[in-house]
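Q: Hi! Could you walk me through this one? I'd like to hear about the interface, then the cysteines.

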Amino acid sequence: MTDAYKTSVIDEIATYRPVLFRIAMLQLRDAAAAEDATQEALLAAIQTHDKFEGRAALRTWLISILRFKVLDSLRQRQRQGMPVDPGQLSVELDTAKFATLFDETGCWATPKDAWTNPETHVSRIEFFRVLEACLTKLPTNTSRVFLMREWLELTSDEICSETGVTAGNLRVLLYRARMQLRSCLDVSWDRSQ
Amino acid sequence: MTNREPITCQDTTWLVSDSCERELTAEEKADLHGHIATCELCQGASKQFDVLFQQIRLFFSKDIQPGGDASE
């Protein structure tokens, strides 16, 4: 491995700082903590970059390092207590908003004949951008628990003990997250056709 | 024929979400697949959920082996 190659990998790692910070922020919802986790992930990546050879998977590798740093951050914050804000939670659990998706018989209350058929021709970069925008639109607690589940792969018990959310409310929040993401992506798939 | 009430589109979406969290019971699976087979909107929504779940896995880099190189 040449020095020039090493330098270019380090340069390339640095270009991921903004996206790593945004993903850490989705989970931690705290700019200082997200900045620390991002910084630690980048440092760890640069220190061990000589072990990394597959540049096509650089994003994958960096996100896996960030995942450990975010888990560390959550464990530290859990010791200080990181319960959800009950007022904010009750807003996110409010049923009125979701009732409009279905009519009184439980059928889709959609004005369209059919949903947009998701196309796979959208480039990966484009879909990462759209999905990230949709994740960012999720309410705070909804995105926190959704990322804990889908990214950090914590168990339901771990998420409940971390956030103070009951198992029943966790099920609702995960459902809402999936429903909102589907609706959000439906709009973007519609536009791409 | 069963004497159970047929499930609604809304029930279907709950089962789709729950299926990410746990193994559905045989009865739930039968309800889910039975409803989707006869409902065009749920067929479309179901396809969207499949793509969404796949994209989420890619976004969080779950489908790619860390350290692997796709060009190899």
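A: Happy to! One term to start with: a polar contact is a pair of N or O atoms within 3.5 Å, and within protein one must be able to donate a hydrogen and the other to accept it. Also keep in mind that this is a predicted model.

Q: Good to know. How many residue pairs are in polar contact across the interface of chain B and chain A?

A: The rule finds 10 such pairs between chain B and chain A, with both residues at pLDDT 80 or more.

Q: And which helices of chain B supply residues to the side that touches chain A?

A: α1 (9-18) and α3 (40-59) of chain B each give at least two residues to that side. The largest share comes from α3(B), with 14 residues.

Q: What's the make-up of that side of chain B, by nonpolar, polar and charged?

A: It divides into 17 nonpolar residues, 10 polar ones and five charged ones.

Q: How many salt bridges are there between chain B and chain A?

A: The count is three. One of them pairs the side chains of Arg171(A) and Asp18(B), at 2.6 Å from N to O.

Q: OK, how much area is buried between the two chains, A and B?

A: About 3700 Å², and carbon and sulfur atoms give 66% of that. On the chain B side, Gln48(B), Phe59(B) and Phe60(B) supply 21% of the area that chain B buries against chain A, more than any other three residues. In terms of contacts, 32 residues of chain B meet 48 residues of chain A.

Q: Switching to cysteines. How many disulfides does the structure hold over all chains?

A: There is one disulfide over all chains. Cys134(A) and Cys184(A) are the partners, with an S to S distance of 2.0 Å. The link is left-handed, with -80 degrees about the S-S bond.

Q: What does that pair tie together?

A: Cys134(A) sits in helix α7 (residues 124-137) of chain A and Cys184(A) in helix α10 (residues 167-191) of chain A, so the link ties together parts that are 50 residues apart in sequence.

Q: Are Cys134(A) and Cys184(A) buried or exposed?

A: Both Cys134(A) and Cys184(A) are buried.

Q: What about Cys107(A), where is the nearest cysteine sulfur?

A: That sulfur belongs to Cys9(B) and is 4.5 Å away; Cys107(A) is in no disulfide.

Q: Why does Cys107(A) count as partly exposed?

A: Because its relative accessibility is 34%, and partly exposed runs between 20% and 50%. Cys20(B), at 29% relative accessibility, also counts as partly exposed.

Definitions and conventions: Residues numbered from 1 in each chain as written. Chains lettered and ligands numbered in written order. Predicted model: local features only at pLDDT ≥ 70, side-chain atom pairs only at ≥ 80, totals over all residues. Heavy atoms only, no water. Contact = heavy atoms within 4.5 Å. Buried area = accessible area lost by both parts, 1.4 Å probe. Salt bridge = Lys/Arg side-chain N within 4 Å of Asp/Glu carboxyl O. Polar contact = N/O pair within 3.5 Å; in protein donor to acceptor, adjacent residues only side chain to side chain. Helix = DSSP H or I, 4+ residues; strand = E, 2+ residues; numbered from the N terminus. Nonpolar A, V, L, I, M, F, W, Y, C, P; charged D, E, K, R; others polar. Disulfide = S-S within 2.5 Å. Buried < 20%, exposed > 50% of the residue type's maximum accessible area, 1.4 Å probe, protein only.
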